[in-house]
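Visitor: Could you take me through one part of this model up close? I'd like to hear about a single residue and whatever surrounds it.

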Amino acid sequence: MMQLSSLMFPLLLVLLAVPLFLSARKQKRAAAEQQTLLSSLEPGDRVMTTSGLYATVADATDESTIDLEIADGVVTTWLRQAVREKIVAADTVDDEYEDDEELDEVTEVETPASPSATPASTAVVAEPLEHNAKK
């Protein structure tokens with residue numbers, strides 16, 4: 001009986017330490033990949049921020065901030081850490097996929113040729129709510 005209890009502690013220690021060790025390695029790898037992404041950003045790259053904003057890199061010369069163009073002529077300054085990922089352009093995706101099977105998985109969005117080709121909106125505006133109504 002004494003032998004069994006003396007083996008339980010090292011076994012319990014190993015069962016708890018291994019997942020913690022693997023988790024720490026995974027976090028270090030993710031942090032290194034994010035740092036590589038942030039240092040590789042150049043003007044013209046399409047990015048998505050952590051808040052879901054899509055933008056184009058306008059200036060990436062500062063080490064801690066980055067200028068993002070969110071609309072034509074509208075440039076805002078962000079912390080570099082706010083960039084979540086680089087968006088791959090459709091022509092770059094075509095170069096990456098050589099097999100037809102993999103290429104079929106990539107979908108492209110069709111855009112209308114002219115503004116007049118877009119269908120008229122069928123949106124209905126709701127009546128405003130009355131907040132001060134007595135019951």
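Guide: Let's start with a cut-off: a residue is called buried when its relative accessible area is under 20%, exposed when that area is over 50%, and partly exposed in between. Keep in mind that this is a predicted model. With that in hand, let's zoom in on Asp45. Asp45 has a relative accessibility of 17%, so it counts as buried. You'll find Asp45 in the loop between α1 and β1.

What does its side chain do there? One thing is local: the Asp45 side chain reaches the backbone nitrogen of Glu42 at 2.9 Å. The other goes further along the chain, since Asp45 and Lys86 join their side chains in a salt bridge, 3.5 Å from N to O. That pair ties together distant parts of the chain, with Asp45 in the loop between α1 and β1 (46-49) and Lys86 in strand β5 (residues 83-87), 41 residues apart. The structure holds 1 salt bridge, so Asp45–Lys86 is what you're looking at, given that a side-chain nitrogen of Lys or Arg has to be within 4 Å of a carboxyl oxygen of Asp or Glu. As for the partner, Lys86 has a relative accessible area of 33%, which makes it partly exposed.

Now widen the view a little. Setting aside neighbours within four places in sequence, Asp45 is in contact with Ser40, Ala55, Thr56, Val57 and Lys86. Two of those names, Ala55 and Val57, come back in the largest nonpolar core. That core has 10 residues: Leu37, Leu38, Leu41, Val47, Ala55, Val57, Ala60, Ile66, Leu68 and Val83. The elements giving two or more residues to it are α1 (2-39), β2 (54-59) and β3 (65-71). In soluble globular proteins, nonpolar side chains tend to be buried together. One core member, Leu37, leads back to the salt bridge partner: leaving out residues up to four places away in sequence, Leu37 touches Arg84, Glu85 and Lys86.

Ala55 is also a handy stepping stone to β3. Ile70 sits in that strand, and its C-alpha is 4.7 Å from that of Ala55, although the two are 15 residues apart in sequence. Beyond its neighbours within four places, Ile70 contacts Leu53, Ala55 and Thr76. Ile70 counts as partly exposed, at 35% relative accessibility.

On the β1 strand, have a look at Thr49. At 0% relative accessibility, Thr49 counts as buried. Its side chain makes a polar contact of 3.0 Å with the side chain of Ser51. Not counting residues up to four places away, Thr49 touches Leu68, Trp78, Ala82, Val83 and Arg84; Leu68 and Val83 belong to the core as well.

For the wider setting, the chain has 3 helices and 5 strands, running α-β-β-β-β-β-α-α along the sequence. Of its 135 residues, 13% count as buried, and Asp45 is one of the buried residues. Among contacts between residues at least 6 apart in sequence, 34% join residues at least 24 apart. The chain exposes about 11,700 Å², with carbon and sulfur atoms supplying 58% of it. Part of the nonpolar surface is a patch of about 380 Å² made by Val14, Val18, Phe21 and Leu22. Of these, Val18 is in helix α1 and is partly exposed, at 43% relative accessible area.

Key: Residues are numbered from 1 along each chain as its sequence is written. This is a predicted model: local features need pLDDT of at least 70, side-chain atom pairs count only at pLDDT 80 or more; totals for chains, interfaces and linings use all residues. Side-chain values use heavy atoms; hydrogens and water are left out. A nonpolar core is a set of buried Ala, Val, Leu, Ile, Met, Phe, Trp, Tyr and Cys residues joined through side-chain atoms within 4.5 Å. Buried means under 20% relative accessible area, exposed over 50%, partly exposed in between (1.4 Å probe, protein chains only). Contact means heavy atoms within 4.5 Å. Patches are made of residues with over 30% relative accessible area and no salt bridge: like charges are joined within 9 Å, nonpolar side chains (Val, Leu, Ile, Met, Phe, Trp, Tyr) within 5 Å. Accessible areas come from the Shrake-Rupley method with a 1.4 Å probe; for residues, only the protein chains shown count as cover. A polar contact is a pair of N or O atoms within 3.5 Å; within protein, one must be able to donate a hydrogen and the other to accept it, and residues adjacent in sequence count only if both atoms are side-chain atoms.
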